[in-house]
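User: I would like to go through a ligand site and the helix packing beside it. Please keep the answers short.

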Amino acid sequence: MQEKNFWATTVDLPAIVASPNLADSVDVAVVGGGYCGLSAARTLAKRGVKVVVLEAETFGWGASSRNGGMVLTGMKLPVPTLIERYGREAARKMYAASLDSIDCVEQIVREENIDCNFSRCGHLEVACKQAHFDGYEESAALIKREFDHEIRIIPKSELRDEIGSDIYFGGMVDETSAGLNPARYVAGLAHAAQRAGACLYDHTRVTSVELERNNNVRKFRVHTSRGAITAREVILASGAYTTDATPALRKKIIPIGSYIIATETLPADLARELSPRNRMIYDSKHFLYYYRLTPDNRVLFGGRAAFFPETENTVRQSADILRRGMIGVYPQLRDTKVEFVWGGTLDFTLDVMPHAGKIDGMYFATGFAGHGVAAATWFGAKLAGLICGDPNDIPFDGIPFRGAPLGLRSGNTWALPLAGAWYRLLDFFT
Ligand SMILES: Cc1cc2nc3c(=O)[nH]c(=O)nc-3n(C[C@H](O)[C@H](O)[C@H](O)COP(=O)(O)OP(=O)(O)OC[C@H]3O[C@@H](n4cnc5c(N)ncnc54)[C@H](O)[C@@H]3O)c2cc1C
């Protein structure tokens, strides 16, 4: 078994150095070269803005090349909580944004001709307990009533049409969701941003950002491992990997590890038995498993095997935990080899919501959790629009945004195992 990201073996993540030295000044400097930063840069460059993307590692190195590739409707927060917390009007806009964000990914893939296996294959949520399934009917009716969006309930007796497993109590299908190869998508996005005219610098770590005022002109001085650059605006798109270079944003982010295994390539008939409709699948627990087939018929099986951000140790331990989980779902895979294991870090916030707006005068978007393939792409394009003077129609801008408590925040995560234990307890009792 290789401790490496299977997706990254399917494409060369672009190594792009625009020129050895940074330009002196640009209109916009983007910190972070994942979906969010690259989508923002693509939009800005297409609109004639001089933009640079500064990426500490290689483009797509963060969560954007390591994820499950599930392009999902909705948000992490259950719909009743969303409505209760923000009211019906705001909740409607937020849900609509989640649908719009999938269209946004699809449009970029089409326009830029990105070869990333994008397909509207739908997602399936499976119920781990009868009580979870009992709640599905109400949840689907609420989503239909409030958001005019269709979700289909699958009783246990029909579940074999959707999944080759008998352990669940039923499911819910949303045909709007999609799947893609995340590494190929982020690589395509990087090339698209560059083609549009954005300057991309890899191996360029931002170390600090200073606000400067000269004769009432406000500018940012962005210090990097490759020298400093002046920018009229800055977009922070550093996700769960945000560092002390931007301490105010870092305090808001709860970095949570997620891990994935990929099996050897399966015979086509076995792959079809496991996932007859090739759905993006996840279960109903807090400490959930998510899984799917890859385009070359491997089972890719992920979950929060350890809550900590990835290290060599957590990756190794996760392989066993996830393999046991996979065989629990699919006993058919008892003798199947696991060929890859890897981990990545998700950007959660205390209220489990995405947020965007300005922090210390800089634009930011974060908190995409397990919905970032679509959301990060959409937020990046929206932030670019704001800079170009578009009206602000981001329903997540301005909602209360509390920082993460000590012990859970990025750079100080000692309490994460306690949070993990709490969710396991919830899964046991609810
Ligand atoms: C294992 C795993 C599975 C997931 N599965 C799914 C899924 O199936 N569906 C889904 O929608 N979402 C999923 N997600 C979440 C999704 O991948 C993320 O929400 C999304 O990729 C975030 O994109 P981003 O551009 O905001 O951040 P990232 O892709 O993490 O990019 C941030 C970049 O910023 C760079 N950076 C940080 N600090 C600096 C600095 N100081 N200077 C320069 N560069 C810096 C980092 O190197 C990094 O490359 C998953 C995440 C993980 C880890």
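User: How do the residues of the shell around the ligand divide into nonpolar, polar and charged?

Analyst: This is a predicted model, where local features need pLDDT of at least 70, side-chain atom pairs count only at pLDDT 80 or more, and totals for chains, interfaces and linings use all residues. Residues are numbered from 1 along each chain as its sequence is written, and side-chain values use heavy atoms, without hydrogens and water. The shell has 41 residues, each with a heavy atom within 4 Å of the ligand. Ala, Val, Leu, Ile, Met, Phe, Trp, Tyr, Cys and Pro count as nonpolar, Asp, Glu, Lys and Arg as charged, and the others, Gly among them, as polar. The split is 18 nonpolar, 18 polar and 5 charged.

User: Which polar backbone atom is 3.0 Å from a nitrogen atom of the ligand?

Analyst: Polar contacts here are pairs of N or O atoms within 3.5 Å. Oxygen atoms of the ligand pair with the backbone of Gly62 at 3.3 Å and of Ala369 at 3.4 Å. The nitrogen atom's partner belongs to Gly68.

User: Which element gives the most to the shell around the ligand?

Analyst: Elements are DSSP runs, with helices (H or I) of at least four residues and strands (E) of at least two, numbered from the N terminus. Those giving two or more residues include H1 (35-46), H10 (372-387) and strand E16 (338-348). The top contributor, with 4 residues, is E16.

User: At what angle do H1 and H10 pack?

Analyst: Axes are lines fitted to C-alpha atoms over the stretch in contact (heavy atoms within 4.5 Å). Angles run from 0 to 180 degrees between N-to-C directions. Residues that meet include Tyr35 and Ser39 in H1 and Gly372 and Ala376 in H10. The axes lie 7 Å apart, and the angle is about 40°.

Notes. A polar contact is a pair of N or O atoms within 3.5 Å; within protein, one must be able to donate a hydrogen and the other to accept it, and residues adjacent in sequence count only if both atoms are side-chain atoms.
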